[in-house]
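User: I am new to this structure and would like a close look at a single residue and its place in the chain. Please then lead me from there to other parts that can be described with the same care.

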Amino acid sequence: MMNIVNPASGEIIVTVNEDDSKSLAHKYLLLKSGQVAWASRSLDERIAVIEKFYQLLDEEIAHLARILTEEVGKPLQQSRNEINGARARIRWMLDHAVQYLSDEIVTDGPDLKELISYEPLGVVCNISAWNYPYLVGVNVFIPALLAGNAVMYKPSEYATLTGLEIEKLLNRAGVPADVFKVAVGAKETGAHLLYMNFNGYFFTGSYQTGKYIYERVAPKMVPCQLELGGKDPLYVTDDVKDIAGIAAGTADGAFYNNGQSCCSVERIYVHEKVYDKYVDAFVKEVKSWKIGLPNEEGVYIGALTRKEQPGLLENQVKDALQKQATLLTGGNIIEGKGNYFEPTVLTSVDHSMKVMKEESFGPIIGIMKVKNDQEAIKLMQDTAYGLTASVYSESMDRARQILAQIDSGTGYWNCCDRVSAGLPWSGRKHSGIGATLSHQGLRAFTKPKSWHLRG
Ligand code: NAD
């Protein structure tokens, strides 16, 4: 039995049965036979089913957002935004499925045809995270289903109710019960799935777990994609004009969803010429936010999902202050019910401090003054991660020149903390392997077959 706890109150919402090796084996067998029938349906039929799911998400948004907020602690408006964001991604996938999943003719000669067909992998396993269960979920299970796979979906133990709602809605939309199954549970459930013989593993979560999964899956010789953590840098150059606007926008990039985004801005470098103005405006913005119960309207900083996180953040603050950082605002656990931490801004930071090197995944940021672009590039590159990097400048050429030197899957000019369905979402180094979204993400759940047709 597993307790589902509301992170804003510490109270148990409900207790659910966890899967064990026996129930997982049973679900797997069902998926194995269900996949064959699902793959034999036409792509148009599968698209029609997912189109229905897309509509149901809209119809049920109030109910789904309430559940999401209750179990992960994010403000209600941010839960609604997430579901709408997931719908936008599904829309893109629906609109591009035919283009990227149909047979591709490479040579069309009189006596030779060469073409590529995209066959489903089979039964795939998706072990997922809690911070954006809809967004990171649809990145995987929607293209997987469109391509004709069956899916064992293990939501994070912190987003179980959302996972079960997704299953209900997919079934209502017409995905057969033996084509999509939820594996309920935490680490042990995930570990069981690694013993089973899925035709592909798609993981979203931390580097530590991702590395463990990658090692376990390797001998199976099946695709294993990992979307992992980040320590995403942002650099404000000296030529920017609207410093207050940039400070407000980048503060949102660091603190939205309480900083619990894989592509949250995790460290900021600011050119010395604009540093003072930027920091003043940034702190003013952070102090303006309402902290409170996530289901209260107007709240921007809700509860942190995991109860361990406030302690980890407090530890990062202590470490920074011991090494002579300056605390401009926040820095403390908010005592009382639920997992709360004050939005925190640290300056006079350097790379000897945890806050500039380890993923914080919370409402905390270090801002560091730099002398020039070379120093900024060196610091931005000083990380084990490589998910995104961002540069604010009047000049696109200057920003692109800087970003080309950063080993990250995504580069942002004058924006941050955003994802587009049409672009590959991929991490480098400890941020992951493989890509979701875009045409690459649609085809990630297929195996190409080459056809040489002579006659
Ligand atoms: P986590 O690694 O703790 O857990 C992720 C999932 O793995 C959960 O479902 C968990 O139950 C399962 N799991 C844990 N141990 C396992 C094991 N030994 N075997 C099999 N499964 C196991 O990560 P989290 O706390 O859920 O998510 C936060 C992390 O995810 C952050 O590092 C964040 O940056 C990253 N993330 C990355 C992306 C991306 O797109 N790159 C998106 C969202 C989150």
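Analyst: Lys 429 is a suitable residue to begin with, and it is found in strand 19, which covers residues 428–429. The model is a predicted one, and what follows should be read with that in mind. The backbone of Lys 429 has a phi near 50°, a positive value in a residue other than glycine. Its relative accessibility is 37%, and because exposed requires over 50% and buried under 20%, Lys 429 counts as partly exposed.

A positive phi is also found at Asn 258, where the angle is near 60° and the residue is again other than glycine. Asn 258, however, is placed in the loop between helix 9 (243–255) and strand 11 (265–271), and with a relative accessible area of 2% it is buried.

Glu 82 is likewise buried, at 2% relative accessibility, but its place is in helix 4, which spans residues 76–101. If its neighbours within four places in sequence are left aside, Glu 82 is in contact with Leu 68, Lys 74 and a run that consists of Asn 131, Tyr 132, Pro 133, Tyr 134 and Leu 135. Asp 103 lies in the loop between helix 4 and strand 3 (104–108), and this residue is exposed, with a relative accessible area of 51%. Beyond its neighbours within four places in sequence, Asp 103 is in contact with Leu 115, Ile 116 and Ser 117. Asp 103 and Ala 444 are 341 residues apart in sequence, while their C-alpha atoms are 15 Å apart in space.

Tyr 134, one of the contacts of Glu 82, also takes part in the contact between helix 2 and helix 5. The axes of helix 2 (residues 43–59) and helix 5 (residues 133–146) come within 10 Å and cross at roughly 155°, and the two helices are therefore roughly antiparallel to each other. On the side of helix 2 the contact includes Leu 43, Arg 46 and Phe 53, and on the side of helix 5 it includes Phe 141 and Leu 145. By class, this contact has ten nonpolar residues, one charged residue and no polar ones.

Finally, there is the ligand, which 31 residues surround, the closest being Ser 128, Glu 157, Ser 206, Thr 209 and Glu 359. A polar side-chain atom of Ser 206 lies 2.6 Å from an oxygen atom of the ligand, and for Glu 359 the corresponding distance to a ligand oxygen atom is 2.7 Å. Arg 306 also places a polar side-chain atom 3.0 Å from an oxygen atom of the ligand.

Notes: Residues are numbered from 1 along each chain as its sequence is written. This is a predicted model: local features need pLDDT of at least 70, side-chain atom pairs count only at pLDDT 80 or more; totals for chains, interfaces and linings use all residues. Side-chain values use heavy atoms; hydrogens and water are left out. Helices (H or I, at least four residues) and strands (E, at least two) are DSSP runs, numbered from the N terminus. Buried means under 20% relative accessible area, exposed over 50%, partly exposed in between (1.4 Å probe, protein chains only). Contact means heavy atoms within 4.5 Å. Axes are lines fitted to C-alpha atoms, for helices over the stretch in contact, and angles run from 0 to 180 degrees between N-to-C directions. Angles under 35 degrees count as roughly parallel, over 145 as roughly antiparallel, 65 to 115 as roughly perpendicular and the rest as oblique. Ala, Val, Leu, Ile, Met, Phe, Trp, Tyr, Cys and Pro count as nonpolar, Asp, Glu, Lys and Arg as charged, and the others, Gly among them, as polar. A residue is near a molecule or strand if one of its heavy atoms lies within 4 Å of it. A polar contact is a pair of N or O atoms within 3.5 Å; within protein, one must be able to donate a hydrogen and the other to accept it, and residues adjacent in sequence count only if both atoms are side-chain atoms.
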